[in-house]
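The exercises below are meant to be worked through with the sequence and the coordinates open side by side. Each one gives a task, followed by a solution in steps.

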Amino acid sequence: MRRRTILGYAVAGAGALASVLLFGWWQVDGPGAPESTGLLPLDLSVMDFSLTDHEGNEVGPESLIGRPSMVFFGFTYCPDVCPTTLSDISGWLDELGDDATEMNVVFITVDPARDTVETMEEYVSYFHSAIRGWTGAQDQIAQAVRGFRASYERVPTESGDYTMNHTASVFLFDRSGRFVSMIDYHEPREFAVPKIRRALEEES
Amino acid sequence: MQIGKAVVKKNHLIKVLVSLLTFVGAPTSTLAGSEDLVVEGAWARASIGTSRPGAAYMSIRNTGDTPVTIVGLATPIAQMSEIHETRTNAEGVSSMSSAGEITIEPGQNVALEPGGLHAMLMRLQSPMQEGESFPLTLKFDNGSTVEIVVPILGIAARGPSE
Ligand SMILES: [Cu+2]
């Protein structure tokens with residue numbers, strides 16, 4: 001009698017958990033996923049965009065599956081945040097040593113009008129050799145940004161040029177392409193490196 | 001960004017304190033001269049050519065006994081230069097804009113650091129090459145100016161110590 005009650009609770013509990021999970025899926029990946037930012041990035045396996053890396057190879061989210069990945073957005077005309085982020089990441093990669101070699105590290109420009117393949121090639125050469133630079137057509141960049149639930153905006157400057165506001169977080173995915181976590185801009189190295197290690201160790 | 005915010009907040013608090021002191025009749029003091037402004041740890045990141053803006057960083061301390069406001073920057077290597085602030089919002093989106101007037105209270109320090117305040121060097125006249133340096137003049141509201149020499153570090157540099 002008592003055992004049956006416990007079993008009943010267990011079944012009810014499992015049912016509740018299943019509906020929570022189902023609802024979670026519906027909200028995050030399923031038809032309930034809103035288009036706006038402030039949400040978790042999609043898994044790489046369901047993203048859809050096509051870009052060119054700094055060596056001229058055709059690349060997309062599928063190129064990242066199979067190895068853990070670290071992806072971030074920026075632009076090479078950025079004087080402060082972007083070189084700082086690339087230099088932070090270079091430092092984290094140095095700290096990870098050999099572990100970093102089995103990782104994809106990708107810098108996607110939000111300013112393809114100025115950041116050509118050649119520009120990206122020169123720019124990434126100043127940082128850790130694992131960092132790849134991706135650029136491409138405006139609509140494909142926009143599509144990529146949407147998949148990461150990131151955002152960017154072109155802003156004119158008083159000097160007559162323009163700058164780009166953009167998401168400065170670093171996104172981490174496991175080897176199956178599942179989103180693991182993100183490293184916010186200004187997050188201290190003590191937190192960043194363990195987060196990367198977790199993405200590296202995550203079994204899928 | 002966080003540093004910038006902290007400075008602004010602190011400045012605001014000090015402004016309040018200073019105005020209170022003034023109200024109760026604090027002794028009047030002489031204007032801070034350039035000898036009261038100490039600029040330390042200046043460095044800049046190398047640029048790629050001249051089409052991109054450059055950034056320089058430093059710490060500015062007011063050792064005098066009156067508040068001093070930075071009103072302008074000038075350098076022969078850039079047609080336009082001003083102090084900018086990078087802000088990162090709750091959604092993780094970074095943006096950059098003019099920091100406006102920055103007042104340094106007596107005994108206080110303003111840090112221009114990556115991700116916070118920076119001296120934005122626009123329309124470069126010559127590329128900023130690693131290993132070289134350039135002069136930068138800081139102008140203050142009391143009419144004083146401070147000229148410093150800024151060493152240029154690598155593009156991937158995080159500061160003079162690294
Ligand atoms: Cu700036």
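**Exercise 1. Strand β3 of chain A**

Take strand β3 of chain A in this predicted model, and work out which residues point which way and whether they are buried or exposed.

Step 1. In a regular strand the side chains alternate between the two faces of the sheet. Applied here, A:S69, A:V71 and A:F73 point one way from β3(A), while A:M70, A:F72 and A:G74 point the other way.

Step 2. Both sets are buried, in keeping with a strand at residues 69–74 that is mostly covered, with six of its six residues buried.

Step 3. On one side, β3(A) runs parallel to strand β4 (residues 104–109) of chain A, and six bridges join the two. Within this pairing A:M70 stands opposite A:V105, and A:F72 has A:F107 as its bridge partner in β4(A).

Step 4. The connection between these strands passes from β3(A) through helix α2 (residues 81–96) to β4(A), and this β-α-β crossover is right-handed.

Step 5. β3(A) also pairs with strand β8 (residues 170–173) of chain A, this time in the antiparallel sense and over four bridges. A:F72 appears here as well, with A:V170 as its bridge partner in β8(A).

**Exercise 2. The sheet and the helix that packs on it**

Place β3(A) in its sheet, state which strands stand at the edges, and then identify what covers the buried residues of α4(A).

Step 1. Chain A holds five helices and nine strands, and along the sequence these follow the pattern α-β-β-β-α-β-α-β-α-β-β-β-β-α.

Step 2. Seven strands form an open sheet of mixed pairing, in the order β2-β1-β5-β4-β3-β8-β9. Because β2 (58–59) and β9 (179–183) each have a single partner strand, one side of each is left without a neighbour in the sheet, and these two are the edges.

Step 3. In helix α4 (residues 138–147) of chain A, the buried residues are A:I141, A:A142, A:A144, A:V145 and A:G147. An α-helix has 3.6 residues a turn, so residues three or four places apart point the same way.

Step 4. The cover over these buried residues includes β1 (51–53), β3, β4, β5 (131–135) and β6 (152–156) of chain A. Just after the helix, A:R149 takes a positive phi of about 55 degrees.

Step 5. For the chain as a whole, 49% of the 204 residues count as buried, and of the contacts between residues at least 6 apart in sequence, 69% join residues at least 24 apart.

**Exercise 3. The contact between chains A and B**

Describe the interface, asking how many residues each chain contributes and which three residues supply more of the area buried by chain A than any other three.

Step 1. The contact takes 29 residues from chain A and 33 residues from chain B, and the two chains bury about 2,400 Å² between them, 56% of it on carbon and sulfur atoms.

Step 2. Of the area that chain A buries against chain B, 24% comes from A:P79, A:D80 and A:H186, more than from any other three residues.

Step 3. The rule finds one salt bridge across this interface. The side chains of B:R158 and A:D88 meet in a salt bridge with an N to O distance of 2.1 Å.

**Exercise 4. How far to trust the coordinates**

State which stretches of the two chains have a pLDDT below 50, and give the scores for the model as a whole.

Step 1. Chain A averages a pLDDT of 85, with 81% of its residues scoring at least 70. Over residues 20–37 of chain A, however, the pLDDT is below 50, although this stretch has 21 contacts in the model beyond near neighbours in sequence.

Step 2. Chain B has a mean pLDDT of 83, and 79% of its residues reach 70 or more. Here the pLDDT is below 50 over residues 1–31, a stretch with 31 contacts beyond near neighbours in sequence.

Step 3. Where pLDDT is low, the predicted coordinates should not be read in detail. The model scores ipTM 0.76 and pTM 0.79.

How values were computed:
Residues are numbered from 1 along each chain as its sequence is written. Chains are lettered from A and ligands numbered from 1 in the order in which they are written. This is a predicted model: local features need pLDDT of at least 70, side-chain atom pairs count only at pLDDT 80 or more; totals for chains, interfaces and linings use all residues. Side-chain values use heavy atoms; hydrogens and water are left out. pLDDT is the predictor's confidence in each residue, from 0 to 100. Contact means heavy atoms within 4.5 Å. Buried means under 20% relative accessible area, exposed over 50%, partly exposed in between (1.4 Å probe, protein chains only). Two strands pair if DSSP finds at least two bridges between them. A crossover is right-handed if, with the strands pointing away from the viewer, the path from the first strand over the helix to the second runs clockwise. Buried area is the accessible area (1.4 Å probe) that two parts lose on being put together, summed over both. A salt bridge is a side-chain nitrogen of Lys or Arg within 4 Å of a carboxyl oxygen of Asp or Glu.
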